[in-house]
Amino acid sequence: MDSYQTSRVKEASYGRSLIPPCQVACPLHMEIGEYVDLVAQGKVLEALQVIRDGNPFPSICAYVCTHPCEDACRRSQVDKPIAIRALKRFAVEFGGDRMIQLEAETKQSEKIAVVGSGPAGLACAYYLRKLGYQVTIFEAYSELGGMLRVGIPQYRLPREVVDTEVQRLINMGVEIKVNTRVISLDLLFDMGYKAVFITVGAHQSLRMGIEGEESPGVIDGATFLREVNLGLKPSLGERVAIVGGGNVAMDAARAAVRLGASKVSILYRRSREEMPASPDEIEQALDEGVETIFLVAPTKMRRENGRLSVTCVRMELGEPDTGGRRRPVPIEESEFNMEFDSLVTAIGQAPQISDDFHLRLGRGSTIQVDPITLTTNRGGVFAGGDAVTGPATVTQALASGRQAAFRIDDYLRHRYPLVDKEVEETLSGELLPKTIEMIRKIERLEPPLLSPEARMKEFNAVELIYNWESAVDEARRCLRCGMGAEILFQDKCATCLTCLRVCPYNVPYLDDGGTIQIPPDQCQACGICVAECPAKAIVLRKPYDRRHIDEELEHALKSAAESKSKPLIVGFCCQYGLFGTGALASLWREGKAGIWIVPVLCVAKLEEGHVFRAFEMGAEGVFIAGCGEQCSRENTAFWVLQRVEKVRRILLQIGLEPERLQTFNLRATGGDTARALDDFTEQIGGLCLASVIKQEVES
Amino acid sequence: MIVAEQKPVEEVRRIITPYERVLLLGCGTCMTVCGAGGEHEVSFLHSALRVAEARSSDGVHNFLEYTVKRQCDFEFLDLLVDKVREADAILSLGCGIGVQVVAERFPDIPVLPGVNTSFMGMAKEWGVWDERCAACGDCRLAETAGICPITRCTKGILNGPCAGAKNGKCEANKDMDCAWILIYKRLEKLQQLEKMRRYYPARNFRVIPRPRRIVKKADVDLGDDNG
Amino acid sequence: MANSLFEEKLNSHEFLVTTEVGPPKGADVSEMVHHVDLFKDKVDAINVTDHQSSVMRFPSLGGCLLVKELGGEPVLQITCRDRNRLAIQADLLLAYSRDIRNVLCLTGDSIDVGDHTEAKPVFDLDSVQLLRMGRDMESGKDMGGNELKGVPQFCLGASVHPEADFVEPQLVKFEKKVAAGAQFFQTQGIFDLESLRRFMQYASQFNVKILAGIIVLASARMARYMNDNVPGIIVPEATIDELAGVGKGKGLEKGIEIAARLIRTIREENLCHGVHIMAVGNERIVPDILEVA
């Protein structure tokens with residue numbers, strides 16, 4: 001091949017994918033676009049690998065992450081965001097995450113103490129251990145997990161999941177000390193630990209501060225959930241009130257339902273819009289029969305006649321407070337009474353830090369740390385997780401633990417902490433109406449849920465997993481932000497306007513200077529312009545995408561040459577369709593002798609040169625199988641057919657029958673692809689025979 | 001834009017038969033825009049030729065690919081010197097101009113055409129090209145509301161129309177509009193029909209007689225400047 | 001003083017009848033001679049077509065010489081498709097020298113509709129420029145401005161297409177032809193007398209003679225073929241239906257009937273100055289039409 005062109009590509013080849021909003025929003029900065037695309041290709045193992053590269057405990061996040069990625073997902077500008085968390089769950093389960101064994105060896109001499117075994121502590125231990133340190137986790141309770149164990153109910157996070165992760169850490173060589181409350185940090189240093197990571201969480205429930213809070217039948221949310229998760233079944237009676245609007249309140253309410261309460265009411269002092277709990281949680285709670293009473297707050301409580309009499313006052317929303325939410329203001333003379341059997345307070349938690357630690361504390365009793373290095377006022381003492389931020393999400397805690405591990409490593413190795421100076425380019429966010437208009441609207445596929453009736457009886461996991469087809473179809477809705485096309489060689493661009501004319505999404509445009517721009521935040525990564533550009537000036541941003549078909553093709557041709565099967569038929573099949581659509585799936589499974597499948601990531605990227613190469617290297621027949629109507633991009637079939645016609649014309653001129661090149665499934669669905677393929681194979685066999693006979697006759 | 005079509009591959013094969021090492025030379029300007037001879041088409045032709053070679057028993061060619069920004073200026077061709085040394089012939093996918101300039105620059109090596117240069121025209125839409133200009137050298141678009149009667153009327157008459165149009169389409173090609181009906185309608189819209197009522201005498205067919213040259217360089221006397 | 005017999009007739013108020021013969025593809029002119037003999041005394045002039053429909057044939061000028069020899073009154077048809085201005089001027093000089101004075105100046109059909117589709121179309125002139133050139137020669141100069149030794153005189157005519165589906169541009173052209181010197185017009189095939197009436201209302205302001213072209217069709221299929229392939233001819237559906245309505249073999253009879261009907265009406269109502277009968281391929285029946293009309 002031409003040396004000039006390959007050397008040009010090498011020079012200019014820096015992986016200029018842009019970071020999509022989902023990845024920016026993720027506290028762990030996971031490569032979400034990558035693994036979603038791998039799920040769409042049916043490559044679950046690879047997807048899980050990408051996930052594990054960015055997340056120490058994918059199985060935990062798969063259940064309970066609050067998915068800020070989905071909130072940032074740009075698909076919501078078209079219809080609904082991609083169900084990323086559910087797809088992660090699918091990859092975790094179908095990729096066999098549970099089976100993965102981990103090992104680590106000790107490469108450093110230092111020991112590090114991790115105080116607290118919540119998600120931040122477990123993550124810190126994981127990364128420190130991988131870096132080769134000796135790690136001891138100190139946990140005051142009898143079981144590891146922190147909020148994972150005592151805060152989140154089992155119907156949201158089954159205990160086996162946490163157990164598996166803990167066991168993996170133990171197999172890696174992390175030392176665990178349970179039932180051990182750390183009372184002095186000096187003691188830890190005396191014991192030989194060179195650094196300490198304090199991550200004791202925020203388990204101390206805030207008090208409402210009203211009369212009667214000590215009455216029997218009033219229990220704080222953290223304690224309540226701990227008891228539930230430890231297997232004690234606290235009896236709440238029939239009518240239960242939950243005060244608060246966050247996830248702890250939801251968890252408490254839904255746990256109460258499962259414990260048999262017949263009427264569970266949530267009392268929240270603001271309105272539904274201000275509730276901090278995640279919308280899914282609220283939905284599911286309502287489905288399970290939980291009642292919500294808004295704009296109400298208890299002012300005093302009294303136990304009488306075996307019941308709790310709770311006096312409440314109605315609230316209205318006034319001016320916003322410092323956090324930006326509108327402050328609730330009691331309406332005068334609006335007191336009224338409600339009767340309950342018990343009441344659970346869930347209005348927030350704070351960390352409980354012993355004074356003996358001599359740590360400087362800040363607002364809400366949280367530990368003050370440097371945001372980059374996570375160091376406290378004491379040398380060698382780091383802190384993270386809810387103990388620093390106040391109650392936050394599991395994923396944020398994991399990120400904190402990971403950060404702490406690397407900062408501790410810097411500290412012990414006397415390195416200046418390297419902050420990511422490179423600002424990677426991110427996507428700007430808003431899709432233009434002219435692009436949104438052309439994107440096909442597809443309903444978001446939710447993972448199946450247990451029915452509310454089934455849920456209310458047990459603590460079994462509420463959310464079930466996708467099946468293959470649903471997972472692939474949902475993953476295909478991804479817009480592939482930042483993975484699209486760019487004009488890499490502006491000097492080759494002749495401004496012929498082909499890209500502008502062929503783009504189904506109206507993305508390329510002429511700027512004021514008369515130069516074509518392909519805005520990366522609008523490009524839907526269909527690949528049509530890349531294949532059609534007459535100057536070969538446009539490439540896909542991901543270097544992997546650029547090489548993909550060439551490499552797969554060469555690999556297939558090499559294997560075919562070695563196997564010497566005849567007649568050789570090469571089939572370019574869409575990888576997405578191989579798993580998503582039933583028609584192509586059967587093609588893949590019933591691989592016949594002599595047929596070599598070259599998986600491509602959408603047939604729109606297939607160029608005439610690829611087809612010619614197959615014929616050049618001995619293919620007697622070539623077929624192209626796409627997803628037809630189910631292709632997640634528009635117009636792809638039209639362009640494939642254009643290229644097919646162009647190649648057929650040439651085949652005719654060089655003495656090859658145009659029927660040797662066929663397409664399947666590109667047009668409307670319907671028709672039996674497997675049978676069509678059989679017919680094609682037969683036809684090619686016939687043509688080969690005919691040409692052999694002809695040669696013999698001529699000679 | 002100069003518009004061309006790639007020659008049929010069988011013709012190309014015939015043309016390159018005597019040569020072993022052939023440099024396939026593309027052009028990055030007009031031939032790219034009209035999709036006949038840019039880098040993409042060079043690659044396409046190369047792949048097609050390789051298939052033909054592989055399947056025939058007499059394939060002895062080695063191909064090199066290269067695309068220059070333009071073939072019609074000598075300076076761009078200077079970049080080719082090393083490549084040309086490694087070739088026995090150049091198959092230029094430039095327009096007729098490009099082929100000839102390359103041949104003039106490299107007179108010691110056969111330079112062969114790979115496209116049929118057809119006309120100067122525009123893209124009506126992707127994949128559809130219409131001739132617009134015949135380079136007659138005597139542009140009279142002012143009289144015909146911007147519609148050229150020489151390229152768009154099959155007879156090239158100046159006092160149109162003839163009687164052959166049916167349904168507004170030319171008698172020679174039912175897909176093409178009758179230029180004079182288009183001219184009439186547009187002049188009517190511009191309220192300039194008297195331009196069509198005028199008598200236009202016979203054309204000067206030899207405004208610049210062939211072989212044609214335009215000299216823009218002035219002959220200046222660099223001697224004493226005494227006013 | 002009229003330049004030709006035909007011009008004399010034009011200047012009179014008689015109802016004129018002209019017709020045309022198509023020369024043979026080849027050197028054997030016997031059939032053409034036979035046809036000319038058939039009607040030379042029954043019509044006021046006979047056109048000899050010039051590679052009609054861009055099909056190569058024995059030339060119009062040669063045919064006109066024959067007509068003259070046989071005692072008929074010829075009309076030379078000159079198209080701009082095949083000859084440049086030098087050749088056309090030369091042919092006109094030759095024609096004049098042989099007493100062929102009537103010239104029909106046409107642009108000519110495009111090469112594409114004929115049988116030599118790779119030929120170079122000349123179109124050095126168009127019909128309007130050709131008319132002007134003829135008049136300029138009459139004043140003693142050729143197109144280069146040079147003096148002529150022996151100055152020709154002609155009776156010049158042109159064609160017009162009243163039944164064009166978009167007629168306004170045709171009228172612009174018609175006026176230009178009149179201004180350029182056309183004395184008489186033979187129209188493209190007329191099938192609808194209403195459009196002829198409308199056209200004559202407009203054309204009568206000019207001092208030119210209009211002969212309505214009457215095409216004799218032989219079948220519905222022929223009519224449709226002409227609609228699709230022959231420039232300048234648009235046969236209306238009603239006429240096609242009329243032809244389709246008769247039995248096999250009776251098409252030509254019907255065609256003659258239709259033609260005769262049209263001619264009769266035109267003459268009786270004095271719609272225009274005459275008719276020009278085009279019996280494409282069926283020249284032998286021309287006398288019959290004249291009987292019936």
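Colleague: What makes the crossing of H8(A) and H16(A) left-handed or right-handed?

Modeller: The crossing of H8(A) and H16(A) is right-handed, because the near helix is turned clockwise from the far one by less than a right angle; anticlockwise would be left-handed. Bear in mind that this is a predicted model, where local features need pLDDT of at least 70, side-chain atom pairs count only at pLDDT 80 or more, and totals for chains, interfaces and linings use all residues. Residues are numbered from 1 along each chain as its sequence is written, chains are lettered from A and ligands numbered from 1 in the order written, and side-chain values use heavy atoms, with hydrogens and water left out.

Colleague: At what angle do those helices pack, and how far apart are their axes?

Modeller: Helix H8 (residues 119-130) and helix H16 (residues 394-412) of chain A pack at about 35 degrees, axes 7 Å apart. The axes are lines fitted to C-alpha atoms over the stretch in contact, and angles run from 0 to 180 degrees between N-to-C directions. Helices here are DSSP runs of H or I, at least four residues.

Colleague: Which residues of H8(A) and H16(A) meet?

Modeller: Among them are A:Ala123 and A:Tyr127 in H8(A), and A:Leu398 and A:Phe406 in H16(A). Contact means heavy atoms within 4.5 Å.

Colleague: Why is A:Lys492 with B:Glu39 called a salt bridge?

Modeller: The closest N and O atoms of A:Lys492 and B:Glu39 are 2.8 Å apart, and the rule asks for a side-chain nitrogen of Lys or Arg within 4 Å of a carboxyl oxygen of Asp or Glu, so the pair qualifies. Chain B and chain A have four salt bridges between them, whereas chain B and chain C have zero.

Colleague: How much area do chain B and chain A bury?

Modeller: About 2800 Å², with 58% from carbon and sulfur atoms; that is the accessible area (1.4 Å probe) lost on putting the two together, summed over both. B:His40, B:Arg55 and B:Trp126 supply 27% of what chain B buries there, more than any other three residues.

Colleague: How many residues does each chain bring to the contact of chain B with chain C?

Modeller: Chain B brings 29 residues and chain C brings 34. The two bury about 2500 Å² between them, 56% of it on carbon and sulfur atoms.

Colleague: And how do you know that chain A and chain C do not touch?

Modeller: Their nearest C-alpha atoms are 24 Å apart. Of the two pairs of chains in contact, B and C share the most contacts.

Terms used:
Helix = DSSP H or I, 4+ residues; strand = E, 2+ residues; numbered from the N terminus.
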